[in-house]
6 protein chains.
Amino acid sequence: MNITEAIAQSGPDLNPFLCRAMVEMAPKEDLGRGGDITSEAMIDPEKKSKARLVLREAGIVAGLPAALRAFELLDPNIEVKLHLYDGQRGESGQTLAELEGSARALLTAERTALNLLGHLSGIATLTRLFVDLVSHTRAEITDTRKTLPLYRALQKYAVRCGGAKNHRLGLDDAVMLKDNHVALAGSFAAAVERIKSRIGHTVKIEVEVDTLVQLKEVLHLPVDIVLLDNMSLEELTKAVELNQGKKILEASGGVNESTVEKIAETGVHIISVGALTHSVNNLDVALDMIGPLL
Amino acid sequence: MNITEAIAQSGPDLNPFLCRAMVEMAPKEDLGRGGDITSEAMIDPEKKSKARLVLREAGIVAGLPAALRAFELLDPNIEVKLHLYDGQRGESGQTLAELEGSARALLTAERTALNLLGHLSGIATLTRLFVDLVSHTRAEITDTRKTLPLYRALQKYAVRCGGAKNHRLGLDDAVMLKDNHVALAGSFAAAVERIKSRIGHTVKIEVEVDTLVQLKEVLHLPVDIVLLDNMSLEELTKAVELNQGKKILEASGGVNESTVEKIAETGVHIISVGALTHSVNNLDVALDMIGPLL
Amino acid sequence: MNITEAIAQSGPDLNPFLCRAMVEMAPKEDLGRGGDITSEAMIDPEKKSKARLVLREAGIVAGLPAALRAFELLDPNIEVKLHLYDGQRGESGQTLAELEGSARALLTAERTALNLLGHLSGIATLTRLFVDLVSHTRAEITDTRKTLPLYRALQKYAVRCGGAKNHRLGLDDAVMLKDNHVALAGSFAAAVERIKSRIGHTVKIEVEVDTLVQLKEVLHLPVDIVLLDNMSLEELTKAVELNQGKKILEASGGVNESTVEKIAETGVHIISVGALTHSVNNLDVALDMIGPLL
Amino acid sequence: MNITEAIAQSGPDLNPFLCRAMVEMAPKEDLGRGGDITSEAMIDPEKKSKARLVLREAGIVAGLPAALRAFELLDPNIEVKLHLYDGQRGESGQTLAELEGSARALLTAERTALNLLGHLSGIATLTRLFVDLVSHTRAEITDTRKTLPLYRALQKYAVRCGGAKNHRLGLDDAVMLKDNHVALAGSFAAAVERIKSRIGHTVKIEVEVDTLVQLKEVLHLPVDIVLLDNMSLEELTKAVELNQGKKILEASGGVNESTVEKIAETGVHIISVGALTHSVNNLDVALDMIGPLL
Amino acid sequence: MNITEAIAQSGPDLNPFLCRAMVEMAPKEDLGRGGDITSEAMIDPEKKSKARLVLREAGIVAGLPAALRAFELLDPNIEVKLHLYDGQRGESGQTLAELEGSARALLTAERTALNLLGHLSGIATLTRLFVDLVSHTRAEITDTRKTLPLYRALQKYAVRCGGAKNHRLGLDDAVMLKDNHVALAGSFAAAVERIKSRIGHTVKIEVEVDTLVQLKEVLHLPVDIVLLDNMSLEELTKAVELNQGKKILEASGGVNESTVEKIAETGVHIISVGALTHSVNNLDVALDMIGPLL
Amino acid sequence: MNITEAIAQSGPDLNPFLCRAMVEMAPKEDLGRGGDITSEAMIDPEKKSKARLVLREAGIVAGLPAALRAFELLDPNIEVKLHLYDGQRGESGQTLAELEGSARALLTAERTALNLLGHLSGIATLTRLFVDLVSHTRAEITDTRKTLPLYRALQKYAVRCGGAKNHRLGLDDAVMLKDNHVALAGSFAAAVERIKSRIGHTVKIEVEVDTLVQLKEVLHLPVDIVLLDNMSLEELTKAVELNQGKKILEASGGVNESTVEKIAETGVHIISVGALTHSVNNLDVALDMIGPLL
C-alpha cells in the first residue's frame, strides 16, 4: 500500500495528522545544510531499492507510523507492505515492514526512522513488562509527565502500545493538588473548595497525600483520585482498607520491576511509573537492504 | 544573577542562542490549551518563591541552560545563584542552583525543566562512566547519530559534558562510505575516487570495513578514518598493527560497559557508542521549594 | 509597571507564557511587508506618547494580557498602569489601563490590541449575561468546542472571565460518546465497556442521549456525565428526577437568552452554550491618545 | 473530485495556497496531545463513511475551501461532490457538499470544519444584508481592519463572498492620515506633502476628516480618498455636494442595518462597516453522516 | 544605548517588530547543530569585548537594524553607539557603530550581521546611483518584484534607504493587467471593467502596454498607471505627449546605468529597475575588534 | 512527469526534502493577505495552460528544483517535461522545462520561481567562470560563509552546480582559528592544543595566517588546512614551497576574475571566493506562456 495509508494503518491508536505534524521536521536535523553528502554523491536519484525493517531483538512494536513518516518525507511514493502493527509483539529477526522506493530516500531516512522506532518500541516493551507483572491484580499501570519535552504525545502513545494507560496529558486536563497548594489554602478542604469553584465538570481532581492521616482527611472531600506518594506496602494496604472503594487510589514512588508486583497486590487501582518514559532502553531495530539497487 | 545570564554561564560549551531556540516551545506541551489549571487556581500571580534544584543521586550535570530556559520562558525575571556548572560532578543531595521568582512560574516549569535536566545529566553520567573505563588508554569515546529526533544538538552536548567527543553531527559534515555505496561504485578505490571529486577540503572521509582484507584495501586510499565494524578483539589488535598510524581507527559494535575496556586496549583511536544517547537512565534531580511562598 | 509584568498581572487566570506565544505573530498580519507606512513616514522613531485604553460601553473586561502583548511586541519598554483587570466589570467611559511609550508603537499596535480586547470582552460580557440569568439555580454555564480555530485557548479563557466554566478543551481531554459511536458498538453498554478499556483514570466519560429511554439505559453504566441533547423542558425535568443525583446532567441545544432560565430551573447541573464563542458582539473599546506627542 | 481539487474549485476567489497554509495547524488545537480519543477507541482506522455538509439556515456560503482543508489534513484521499460554491446563497436544508472517506477523519475534523464554515458564512451573510440595503444607490460596502488577528485574509475573503469589497488589507497597502498625524505635521497640506515624498506611485492616500471645514481644506490636496468620520446625514449630503466628484468619499461610524440605507442615499461612494467582521453570528451548518459506516 | 533601542533608532523607516521577526532565525543557519565550535572552545563565556562596524568602501548604509538584530540574538545586553544611520552615505574607513558585549557573541554573529549589512547596503548604494542619474528630471526610480524570496521586505526597505520608492509590495496590493489577462477578457476595456467590479477603492490599477496603439486604447479607461514595456526612447517621448498628464506613466525594460538618464528625460513619471534587487554587489563592511578581550 | 518527481530529478545533488522545506513559504510573501488579485479576478480556476521556462541569456542552470517547488505549492498536479538539469550549460533561447497545469498557478508562481532560478543560476554561472579560469592548475575554487542568511544551503548548492566545491557549511563543521583566538591562547601551538582537546575526530582544523613566519610556526602543528590571508603572489609561491605538501593551503582575499588565474598558478590547493555568493548578477530566465489558455 502507499506509505501515507501505511502511516494511518500501522498505528491504529495514533491520529495520523498528529503523527505527520510531529515528525514533520525530523529529517532536517540529520540533513543539516548539505544533505546526505555520501548518498547524494554515490547513488543516482532515479535508483530504486527494496528494504526491510527488522527486529534484532524481541519486543513490543511502537512507532511504525512515525518511522514511516520519516521515509515519506524523503520519498512520498514509497510502497509499504506491513507485517506487524504497533502494539504487537515481535520476535528477534522478524520483519516489521517491507519498503520499496528511492534508494537514496531509504538510506537517508534510515537513521531517523530507526531512532524513532527503537525509542518508542523500547518504551512499549518496558511498559508491557510492568503490565504483565501486575496482570493477576486489578491494578493498572500508567505513565507520568516525566516525558522528554516535545515527545509527550509520542511517548504516551508508546505507553498505550505497551498495554498501559495514560495519566494526565499535561497540566491542563486534570487537577493535581500537592503539598504547596494545600499549604497555601490552609487545609485540604479549603484547597478542594477553591479548586472546585474554578474548574469545569469534565475535569477530575487528584490530591496527593503522604500519610494515612491525610488520606482520611481527603476521603470525604469531593475529589476523584488520591495519590498515595511513597507509602510503604503496609500503608498502601491500610489505605485500600480505609478507602472502602470511595476514591481511585494511585500509588507512586519507588516503583520498579522488583517492587511493582507487591504494590499491585495491596489492592491499589493505579500504579504510575516514571521510568516507562524517562529511562528507556532502545529496542534494536534495523533496516536491511534487499538485493541490489535497481 | 539574572536567569538570561545564568543560561549563558551554566553551560560554557552550549551556545545560548541555540539553547534558547531549542527550548522555545517546550512548556507549551505541558500547558496545552488551558495552562497549569491547578497553580493558576491556587496561587496568586504576584506570589514569589525560592526553590532549589537538587541532585537526588550522584552524577555529571548537563542541561542546566536548557532547564533554566524553561523557567525563563515562564518568568524572565527569575534570579539564579549557580552552585554547579554543566560538566561538573555533583553528589546526592547537592544543590545545583537556587532560583527566586514567581511562585507559579517555578511550579509550572518544574517538570519541563527536570525532564530536560534529568535526561541530559543521565547521558553525561553514562558517558563519564565509559570515559573513565578507557582513561588508561589512548582511545577516545564518541557518540553516534543514534539520537532522538530534535535532540541531536542537546544530546551531543550532553555527551561533551560527560567528557567524550562528538562523532559527526549529521549526514552533511563528514562522509561515511558503507557497504551499499562501495557495492554501487564497484570497489573501495572507485568509491573513494568518486566521493573525493565531489566534497570540499574541509570534509573528512570515513570508510566502514568488516574485515582485515577490506582494511588493507582501504589503508592506501586517501581516506581519513576507518570504521572497524563489529570486529573481534583479535581483529582490532591486528588492525592497529596493520594501520601503522596511517588512519584514524574507529571501533564500533558490541560496545558496552563490560567490553569497552578491552576494546580500548587494542589500541584503536576511537570507540563510538550508540548507547550513550539511545539508552539512557534519567538522573534523579528535584526542585525543592524553600520556605513559604512570599 | 513594565508591560511584561502587566501582561502577567492583568489576567490572573491566563498563563502569561501561553498568552505571549499565542499573540506572537499578530502584528505581522497588519504590518505586512511594508510596515505601518503612515506612522513611519509621519512620526519620528524617538517620539513618546501616552494613551489610555477606554471602554466605550459597559461590559466585562477580558483580553488585557493579549492586548498588552500586542503593544509589547512593538515596544517592549512601554510602561503600564492598570485600572481594571480581566474578569471585572467596567462602565462606559472607564479607563482600563494607561500606557506610555513609543508613539509609533502605540499607534501601530492599536488596532491589533483593540481587535483582541473587543472580541474577548464581547465573549466575557455575553457569558456574564447567561451566568446572571441562572444564578438563582444550581446550574452552571459552560462553553463548547464551537470556537474559532487557533482561538480555542483565548476564547475559553474569556468564558472564564465571564464567570462561566469550560467544557472539555479538545477531543483528547474527555470522552464524548455520540450516536455514531454507540451505533458502531451496538449498544450504550458495549460502547462504554470498549471505551473504559482504553482510557486512563483521569478522563471523564460523557454520553449523549436524545430520549429518556436512552437516559435510563445509561444511568446504570459507569459514565460521569450525560448530555441531554435538544430535550424539551418537560423531558429535562423528568431526566433530573430519573437521575436521582447519579450523574452530572448537561443540557444543550436551543439555549439562548430567552430559554436559559427555564432550562436551568429544571435542575440540570450544566448548560452548554455554543453562542458564547461562535456568535459574539465586539465590546467597544478605544485607545485615546493623551496630550501631544513628546 | 479529489479534495485538493475541491479546495481550489469551491472558492474561486481564494488562492488555494493561502487557504492551505492558513488552515495548516487548525486541527492540532482540537486534537491536543492525545488525538480524538473517542473516535480512535470506537472506530477502526479502515472504516469509510459518507457525509453531507448541510445548511441549517439560509445564508451566503463562505469558507468551503477552509472547511475542506480541515478534512484534507485528516484524510487527503476524501472524495468530494460540490453542490454550492462560496458566494452563492443556500437555503435551509440545502446540501453544500458530499464527502466520502475515512470515517474517523470525517468525525474528527467535523468541528474544526464547521467552526470555520459557520463563522465565514456568518460574515458573508451579514455582508450581503448590507449590500442589498444599498443596492439602489451607487454606494459600495467595504470592511475595515477590525478583524480577528490571524483571520484578516479569511475574514476579508468572506466579505468578498458576501458581495462587498475590501478596504485596505493592512497598514502597508494604503496611507490613512488621521488626526494625530496631521497634528504632528502642522496642517493637512504639510502632512500630505510629507507622505507624498515617501510613498510609491501604487499607493493611495486616504485622509480622515471630522468636519466640512476640514473637508474643504483637503479637497484641493493630492489625496485619493476622504474618510468622513461620524458625520451626520446632513453633513454627508453637504460633503458630497462640496466634493463635486473630486475625491472618493467614504463614510464610517455609526453604520448599522438601520442607518446604512440613509447614509448610502447621501451619495457617498463607500461605506465601511466594522461590524461585518467584528460582530458576527455564526451561520448554522452541520455535518450529517449518511448511512452506516462502511 | 541598549541594542534593542539601537535596532529601532538605526533604521527610522523599518518597523522594528518586522525587522526582529525577519532576522529571528538567521544565526541558526550558521550555528547548525554544534554552535560556533571554535569560539566556544577558545573564549570563556564571561569575556567581554568591544568592536566596530566599519565601512571598507564608500556607500549608502542600509540594514543596520538587521545586523544589530543578529548580534542581539546572541547577546541581548550588548551596548551600541551609533555613528551613522540607514540611508546615510558613509566613506571608506568610516565607523557605522561601536558595540560592546560578550566577546563570543560578537565573533559568532559577525558573519551573519555582515552578510545582511553588506547585501542591503549594496542595494542602497546601487539605488542611489540610479536616483542621482535622474535627479534632474521628474522621474522617480522604483524597484520591482524581482526580489529574493523571503527578502521582499528587507530588500524593498534597502531601496527606500537608497532614495528610491517602492513599486507594489506583492500580488495583492495593486492590480497589474498583462497581455494574458487582456487576451482572456477580449479587450483592454473588458479587462478593466472586470477588474473594477472586483477590487476595492484603495487599490490602484496598472495596465501594461507594448505599443502606442495600445496606450491610446488605455488612456480613456479608468486605470491609474500605464506600464510602457520595452519601448524605445522615441516611443516613450510620444507616449508622454499622448498622455497629456492623464495617467502615471511607468517605463520598464532595458533600464541600466547607461540608459536610465535618457529614459528619464523622455518625461515618464516612473522608471522601475529590476537590477536594484536582483543583481547586487555586496558593499564591503567589516567588524574590527578593538583592543584585547576583557 | 509529475512535478514532485521533477523536483527530485532536476537537481541530482540537492536533497528534495531540503529543497521542499526551504521553499515552503516563498509564495506567501508575494501573495500577502489578498492573493494574486489580478489573476484571481481575470482567470477562472479551472483554466489550464502550458508554459516554458526559457533562458534569455547563456549560463549554467541552477535552482530548477526550487523553482519547480514554487509552482508545486500553487498546483501540485502540474506536469513537467525537463530539457535541462541543474549544473548543465544552456544557451540563450534554450528551453529548460515545459510545464502544464492550472493557468492561475503558472502565472501566480512565475515571479517567485524566476527569482529563485535567476539568482541561483547567476551564482552557478559566475562560479563556472572562476572554475574555468583555473582549470589548468590543481587549484580548486570554493565558496565562503558570505551567503545571504536563510540561503546558505541553496547558495552553496548553486556553487556546486557551477563546478566548484563547498567550504565549511557553518560554524560547527570545521574549526577556523583566527587572530583573536590565537591571541587569547598565547600562541598557535597553545591554540591548537586547546582546540584539539575539544573537538571530535571527524572535524578538520584550519588556521589563518597572514605571514610566512606564522606559516612556518603552523606547519609542524596538527592542523589540516592553512588559510593564507591576503598574501601577495610572491608570498603564496613561497608558502607552497615551504609547505612541501604537508598541509592543504587555501588562498583568500583579493580574489577576482583578474587575479584568480595567477593565484592558482602559485600552486595553492584551494582558492575561496566570497563574490561567488555575495555579489551575483541574476541570470535572465523567463516563463513564456504557450498558446491560449485552455
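This is a short tour of a predicted model, stop by stop, with what to select and what is there.

**Stop 1: the sheet in chain D**

Start by showing chain D as a cartoon and picking out strands β3, β5, β1 and β13 (D). Together they form an open sheet of 4 strands, in the order β3-β5-β1-β13, with antiparallel pairing. Strands β3 (79–82) and β13 (285–290) of chain D are the edge strands; each has a single partner, so one side of each has no neighbour in the sheet. Turn the view to look along the sheet: the twist from one strand to the next averages 20 degrees.

Now zoom in on β1 (residues 48–55) of chain D. This strand runs antiparallel to β13(D), and 6 bridges join the two. For one cross-strand position, select R52(D); opposite R52(D), in β13(D), stands D288(D).

Next, add helix α6 (residues 103–133) of chain D. The helix packs on the sheet and touches β1, β5 (95–102) and β13 of chain D. Its direction makes about 160 degrees with that of β13(D).

**Stop 2: the strands of chain B, side chains on**

Move to chain B and show side chains along strand β3 (residues 79–82). Which residues of β3 point to one face, and which to the other? V80(B) and L82(B) point to one face and are buried, while E79(B) and K81(B) point to the other and are not buried.

Follow the pairing outward from here. β3(B) is joined by 4 bridges to strand β5 (residues 95–102) of chain B, and the two run antiparallel. If you select E79(B) again, you will find its bridge partner in β5(B), which is E100(B).

From β5(B), step across to strand β1 (residues 48–55) of chain B: 7 bridges join these two antiparallel strands. Here V54(B) stands opposite T95(B) of β5(B).

One more step brings you to strand β13 (residues 285–290) of chain B, which pairs with β1(B) in the antiparallel sense over 6 bridges. Select L55(B) and look into β13(B) for its bridge partner, V285(B).

**Stop 3: tyrosines that meet across chains**

Show the aromatic rings next. Over all chains, a search of the whole structure finds 3 aromatic pairs. Two of them are visited here.

Select Y151(A) and Y151(B). Their ring centres are 6.2 Å apart and their planes stand at 50 degrees, so this pair is tilted. The pair crosses between chains: Y151(A) sits in the loop between β6 (140–142) and α7 (152–161) of chain A, and Y151(B) in the loop between β6 (140–142) and α7 (152–161) of chain B. Are these two residues buried or exposed? Both Y151(A) and Y151(B) are buried.

Then select Y151(C) and Y151(D). They form a tilted aromatic pair, with 6.2 Å from centre to centre and 50 degrees between the planes. Y151(C) is in the loop between β6 (140–142) and α7 (152–161) of chain C, and Y151(D) is in the loop between β6 (140–142) and α7 (152–161) of chain D, so this pair joins two chains. Y151(C) has a relative accessibility of 3% and therefore counts as buried. Y151(D) is buried too, with a relative accessible area of 3%.

**Stop 4: chains C and D together**

Zoom out until chains C and D are both in view. A rotation of 180 degrees, with 0.0 Å of shift along its axis, superposes chain D on chain C with an RMSD of 0.0 Å. The two copies are therefore related as by a two-fold rotation axis. To locate the axis, select V280(D): its C-alpha is the nearest to the axis in chain D, at 3.0 Å. Both copies use the same surface, since 100% of the contact residues of chain D recur in chain C.

Now colour the interface. Chain D contributes 59 residues to the contact and chain C contributes 59 residues. Between them the two chains bury about 5,100 Å², of which 59% is on carbon and sulfur atoms. Select E29(D), M42(D) and L171(D): these residues supply 15% of the area that chain D buries against chain C, more than any other three residues.

**Stop 5: an arginine in chain C**

Finish at R89(C), in strand β4 (residues 89–90) of chain C. With 48% relative accessibility, R89(C) counts as partly exposed. Leaving aside residues up to four places away in sequence, R89(C) touches A58(C), G59(C), I60(C), L84(C) and Q94(C). For a last distance, select D172(C) as well: the C-alpha atoms of R89(C) and D172(C) are separated by 33 Å, with the two residues 83 residues apart along the chain.

Notes
Residues numbered from 1 in each chain as written. Chains lettered and ligands numbered in written order. Predicted model: local features only at pLDDT ≥ 70, side-chain atom pairs only at ≥ 80, totals over all residues. Heavy atoms only, no water. Pairing = 2+ DSSP bridges. Axes fitted to C-alpha atoms, helices over the stretch in contact; angles between N-to-C directions. Contact = heavy atoms within 4.5 Å. Phe/Tyr/Trp six-rings, centres within 6.5 Å; stacked < 30°, edge-to-face > 60°. Buried < 20%, exposed > 50% of the residue type's maximum accessible area, 1.4 Å probe, protein only. Least-squares fit on C-alpha atoms with pLDDT ≥ 70 in both. Buried area = accessible area lost by both parts, 1.4 Å probe.
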